[in-house]
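Colleague: Could you walk me through how the helix packing terms are assigned here?

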Amino acid sequence: MPSYIRALRAMIALWGVTLVPIRAAAEPLRLEDVLAIARDANPAIHAARFRAHAAEAEPAQARAWDDPVVSWEAWNAPNTMNVAHAQNNIFRVAQRFPFPGKRRLGAEAVVLDVETEVKRAYWTLWQARHRVAVYERQRVLAERFAKTAEQRYATGGVPQSDVLRAQVELTHAITDVQTGSLAIGTAQAALNALLSRPPTDTLGEPEEPRLPEVPASSDALIETALARRPELSAQDATIAGQQHAVALARKAYWPDFEVSVGRFFNFDARDGVGAIASMTLPIVNKQKYDAGVSQANARVATAEADRRRLADAVRRDVEQAWLRVRTAKLRHDLFVTTHLPQAEQAIQVTESAYVAGTVDLLALLDTLRGLEQVHLDHIDSAAEIETAWADLERAVGGPLPEAGADPEARKHG
């Protein structure tokens, strides 16, 4: 056997020792468990909850009155500045009262975004693992074909180029397994980051896709989204707050009041008490308050326009996600019912024909590559269904019932 073929074999043997196991024994990794961990540990969710807690404290601060004021006054103090001999020492407590009805509002939607990212990362990890399984199967088939080529070369049935081509194909398959194993590490690091865990923490084997039934129309989904999306609810609260601001701006035309009560300590006279009531005169600055009302009305109009923009974006997001799910489901079903059976049959027939000498090695390798691509596309379409479904749930504003067959019957391919 030529030395370069032996060198290729030695390289392949060396790589084979370092291959990462495709199906390491591991605990199942359930999507529901991963989502629960993310809800408890993801820092973006923690930050959102703290922001919401901080916002909840704002209305109580806004509704509170101004702090009361305690003051001391000395009237007609003598030149010696002995305040004990001042004609009046007055200690006063004052409180400002806004005109009845002035003050109020705050909100958030990070959890849905994080959950969608977790689902996408989860199915990317599933996809990476199953792609490596396809590469490993290709490696086994390429190794078998290489041995067949060597056997036929030894008997003079094929030229030496068949052996070399078969070894190159085997090398390519081994490289795919290696790079695919690195892709698993990349996907695992992405999911661990969302769970606030070290990137190399071991994760179990993701469960099989459930491949939900796709609703026949997006109309009901859009109606659900318009009722459920937290961004729209938050914008409704913003509009309500701006409408309250208009009412508040109109109340600025009314005066505020201040009442103070004082205790008089008098020199060479009887002590006593006093009171002062005062009132602002907004009419003097009417133009200022006219501008305030105009500004408040403009903010209401802006908030309402933003609400319409958000609603339009929600309709678009739902429609696009629904179409992606439908497209991926159609592709997946086509692979299951047509492409996969045909590709498997083609590789069997072509291998038998090569052994019999009725086709050349190039035809066998082309069929092998076609088989690999069909399996990869099949896996990608299943992952696309689940990631598109995750985007659809995000667009709708929460989980959707996965109507259809029994979960076992709906498993991947």
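Modeller: Happily; what follows covers two helix pairs. This is a predicted model, where local features need pLDDT of at least 70, side-chain atom pairs count only at pLDDT 80 or more, and totals for chains, interfaces and linings use all residues. Residues are numbered from 1 along each chain as its sequence is written, and side-chain values use heavy atoms, with hydrogens and water left out.

Colleague: Why are α7 and α9 called oblique to each other?

Modeller: The axes of α7 (residues 219–228) and α9 (residues 286–356) cross at roughly 140° and come within 9 Å. Angles under 35 degrees count as roughly parallel, over 145 as roughly antiparallel, 65 to 115 as roughly perpendicular and the rest as oblique. The pair is therefore oblique.

Colleague: Which residues of α7 and α9 meet?

Modeller: Contact means heavy atoms within 4.5 Å. On the α7 side, L221, I222, A225 and L226 take part, and their partners in α9 include A311, V314 and W322. The residues of this contact divide into eight nonpolar, no polar and three charged.

Colleague: What makes α2 and α5 oblique?

Modeller: The axes of α2 (residues 31–41) and α5 (residues 110–154) cross at roughly 140° and come within 10 Å, so α2 and α5 are oblique to each other.

Colleague: Which residues in α2 meet α5?

Modeller: They are L31, V34, L35, A38 and R39, and they meet α5 residues including V114, Y122 and W123. By class, that contact has eight nonpolar, no polar and three charged residues.

Definitions and conventions. Axes are lines fitted to C-alpha atoms, for helices over the stretch in contact, and angles run from 0 to 180 degrees between N-to-C directions. Helices (H or I, at least four residues) and strands (E, at least two) are DSSP runs, numbered from the N terminus. Ala, Val, Leu, Ile, Met, Phe, Trp, Tyr, Cys and Pro count as nonpolar, Asp, Glu, Lys and Arg as charged, and the others, Gly among them, as polar.
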